[in-house]
Amino acid sequence: MFAVETYAAVRRFAFIEGNSRRDAARVFGLSRDTVAKMCRSSAPPGYVRTKPPGRPKLGPLIPVIDAILESDKTAPVKQRHTAKCIFERLRDEHGFAGGYTVVKDYVRRARSHAQEMFLPLVHPPGHAQVDFGECIAVIGGVRMKLHVFCFDLPQSDACFIKAYAAETTEAFLDGHVSAFAFAETPALPRVLLGHHLRQLKLPTILREYKKVAAEASREGADHVRDLLRLVELELIDRQRWMVERRIRAARFSAIKSFDTFDFTAIPSLNKPLVLELARCEYVVARDNIIALGNRGTGKTHVCLALGLAACQRGLSVTFTTAAGLVHQLMEARDEKRLLRLQAQLAAVKLLIIDELGYVPLSQTGAELLFEVFSQRHERGSTIVTSNPPFDEWTSVFGNQRLTGALLDRLTHHLHILEMNGESYRLKQSRARRRKEPQPTAEQTIDPDTGEIAPT
Ligand code: ADP
Ligand code: MG
């Protein structure tokens with residue numbers, strides 16, 4: 001094995017000092033193949049297999065496994081094969097004499113190759129991104145490499161490019177100056193206007209505005225900028241309505257945001273994780289969140305704020321308490337509209353279930369709630385807040401098997417927010433009381449709310 005320094009020295013000798021690879025091999029006492037490898041990559045690539053590992057027993061049966069996995073793609077979810085089923089079929093139907101692990105490893109790798117993930121990349125209007133790219137240009141008959149500064153408005157795909165001899169800070173700054181100057185020219189408003197009108201689904205204005213603008217410009221006026229401004233206002237308004245609609249539909253118990261949340265009051269809470277979650281990428285990835293902790297530590301506040309952040313990004317949200325949800329499900333079952341409610345709960349992008357475990361659930365209630373988790377599994381994100389820790393959930397659901405299955409669904413891709421600490425309100429009222437006269441003997445303090453009540 002060669003150290004990274006040897007790689008660097010050989011590459012400097014060949015690329016910067018301009019020596020041949022043959023000389024490099026001689027000077028460093030290496031074989032020509034080794035020098036060629038060092039010129040290919042800047043760091044030792046580690047051990048690289050030249051051939052895939054041999055699988056003497058499984059090899060001939062790989063086409064059988066591939067055929068099973070292929071037919072699974074169209075089979076109903078419950079009828080698809082687990083790795084264990086495939087192993088049993090290979091053993092019973094094809095006389096496979098190998099072990100389960102080789103089958104499991106192959107199936108896992110084949111499935112992960114088959115499942116491509118797509119994450120939508122969303123850019124708000126007005127956001128730009130820049131980067132350098134390279135191109136080969138022929139200027140005055142001379143072939144040369146140029147570095148291209150690219151400035152792009154991803155939402156509308158309008159872009160500006162300028163080529164430089166090198167990727168320097170000066171080029172980076174000059175590129176920005178030129179891009180903003182370009183934004184002031186008449187061309188950009190027309191590009192943006194076209195994209196916005198398409199997004200707003202206003203095809204008639206899109207078709208006609210150039211004609212109308214041409215007439216206006218004959219009269220010496222440029223109305224495209226005014227029209228762009230109007231269309232931008234329409235876009236902003238529509239986005240605001242959409243967010244308001246999402247917030248109304250979510251049925252939050254209160255509107256709370258992270259602006260009013262004091263992270264220093266709850267040191268057990270992982271603030272960077274919460275702020276990362278507030279970007280809502282976990283909703284796209286369909287991860288779940290559980291906030292665990294005693295009463296009054298801000299669990300509801302945090303999940304209301306996460307719900308609000310999701311609405312602001314245009315995601316559908318439903319907020320409910322566990323008891324309220326069970327009640328709704330039972331009512332829907334009695335009125336024979338359970339399937340519709342279940343479909344609605346399964347479709348929402350983020351379901352927030354507050355206060356799981358405050359009240360023990362009946363057998364039917366627990367089963368209905370389990371069904372909700374089960375139907376949402378890998379289809380949408382669920383946030384749960386709970387007072388009792390996981391190991392006490394069995395008494396909430398009254399059934400160990402059901403609790404196990406539920407935890408299995410929920411803990412798949414899970415973020416846990418530890419929120420154990422002193423009740424926020426209690427701490428606040430204690431601080432207040434230090435300034436105010438003490439309560440009389442006839443008054444008592446509610447330990448949860450911190451409120452002073454006469455006895
Ligand atoms: P929990 O759901 O954990 O019982 P809540 O979220 O209902 O607690 O919090 C109780 C009250 O205290 C709410 O009004 C909430 O806004 C407030 N609160 C709790 N923790 C904080 C905090 N760290 N910063 C600001 N307000 C808080
Ligand atoms: Mg709460």
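What span should the 13 residues of helix 1 have at 1.5 Å a residue, and how far apart are its end C-alpha atoms? Let me open this presentation with that check. Helix 1 covers residues 4–16. At 1.5 Å a residue it should span 18 Å, and its end C-alpha atoms are 17 Å apart, which agrees. I should state at once that we are looking at a predicted model. Just after helix 1 comes Gly18, whose phi is positive, at about 75 degrees.

I turn next to helix 2 and helix 3. Helix 2 consists of residues 21–28 and helix 3 of residues 32–40. The two pack with their axes 9 Å apart, at an angle of about 115 degrees. Angles of 65 to 115 degrees count as roughly perpendicular, and helix 2 and helix 3 are therefore roughly perpendicular to each other. The crossing in which helix 2 passes helix 3 is right-handed.

Within helix 3 we find Ala36. Ala36 has 14 other C-beta atoms within 10 Å, so it is partly exposed. Its C-alpha atom is 9.2 Å from that of Ala25, and the two residues are 11 apart in sequence.

Let us move along the chain to strand 2. This strand comprises residues 142–153, and Phe149 is part of it. Is Phe149 buried or exposed? Phe149 is buried, because 22 other C-beta atoms lie within 10 Å, and the cut-off for a buried residue is 20 or more. Phe149 and Phe132 are separated by 17 residues in sequence, while their C-alpha atoms are 4.6 Å apart in space.

Pro154 is placed in the loop between strand 2 and strand 3, the latter being residues 158–164. Here the count is 15 C-beta neighbours inside 10 Å, so Pro154 counts as partly exposed. Between the C-alpha atoms of Pro154 and Ala128 the separation is 6.5 Å, with their positions 26 residues apart along the chain.

I would now like to consider two residues by their backbone angles. As background, most residues other than glycine have a negative phi. Arg286, which is not a glycine, has a positive phi near 60 degrees. Arg286 sits in the loop between helix 12 (281–284) and strand 4 (288–292). It counts as partly exposed, because it has 17 C-beta neighbours inside 10 Å.

Lys336 also is not a glycine, and its phi is positive at about 55 degrees. The loop that holds Lys336 runs between helix 14 (322–334) and helix 15 (338–347). With 8 other C-beta atoms within 10 Å, Lys336 is exposed.

Finally, I come to the ligand. Which residues come nearest to ligand 1? There are 15 residues around ligand 1, and those that come nearest are Gly298, Lys299, Thr300, His301 and Tyr424. By class, this shell has six polar, five charged and four nonpolar residues. Helix 13 (299–312) and helix 19 (424–435) each supply at least two residues of the shell. Helix 13 gives the most, with three residues.

One of the nearest residues, Tyr424, also leads us to another part of the chain. Asp262 and Tyr424 are 162 residues apart in sequence, yet their C-alpha atoms are 9.4 Å apart in space. Asp262 belongs to the loop between helix 10 (224–250) and helix 11 (271–277). It counts as exposed, because it has 10 C-beta neighbours inside 10 Å.

To close, I return to three points. Helix 1 has end C-alpha atoms 17 Å apart, in agreement with the expected 18 Å. Helix 2 and helix 3 are roughly perpendicular to each other. Around ligand 1, helix 13 gives the most residues to the shell.

Methods:
Residues are numbered from 1 along each chain as its sequence is written. Chains are lettered from A and ligands numbered from 1 in the order in which they are written. This is a predicted model: local features need pLDDT of at least 70, side-chain atom pairs count only at pLDDT 80 or more; totals for chains, interfaces and linings use all residues. A residue is near a molecule or strand if its C-beta atom, placed from the backbone, lies within 6 Å of it. Helices (H or I, at least four residues) and strands (E, at least two) are DSSP runs, numbered from the N terminus. Ala, Val, Leu, Ile, Met, Phe, Trp, Tyr, Cys and Pro count as nonpolar, Asp, Glu, Lys and Arg as charged, and the others, Gly among them, as polar. The expected span of a helix is 1.5 Å times one less than its number of residues. A residue is buried if 20 or more other C-beta atoms lie within 10 Å of its own, exposed if 12 or fewer, and partly exposed in between; C-beta atoms are placed from the backbone. Axes are lines fitted to C-alpha atoms, for helices over the stretch in contact, and angles run from 0 to 180 degrees between N-to-C directions. Angles under 35 degrees count as roughly parallel, over 145 as roughly antiparallel, 65 to 115 as roughly perpendicular and the rest as oblique. A crossing is left-handed if the near helix is turned anticlockwise from the far one by less than a right angle, and right-handed if clockwise.
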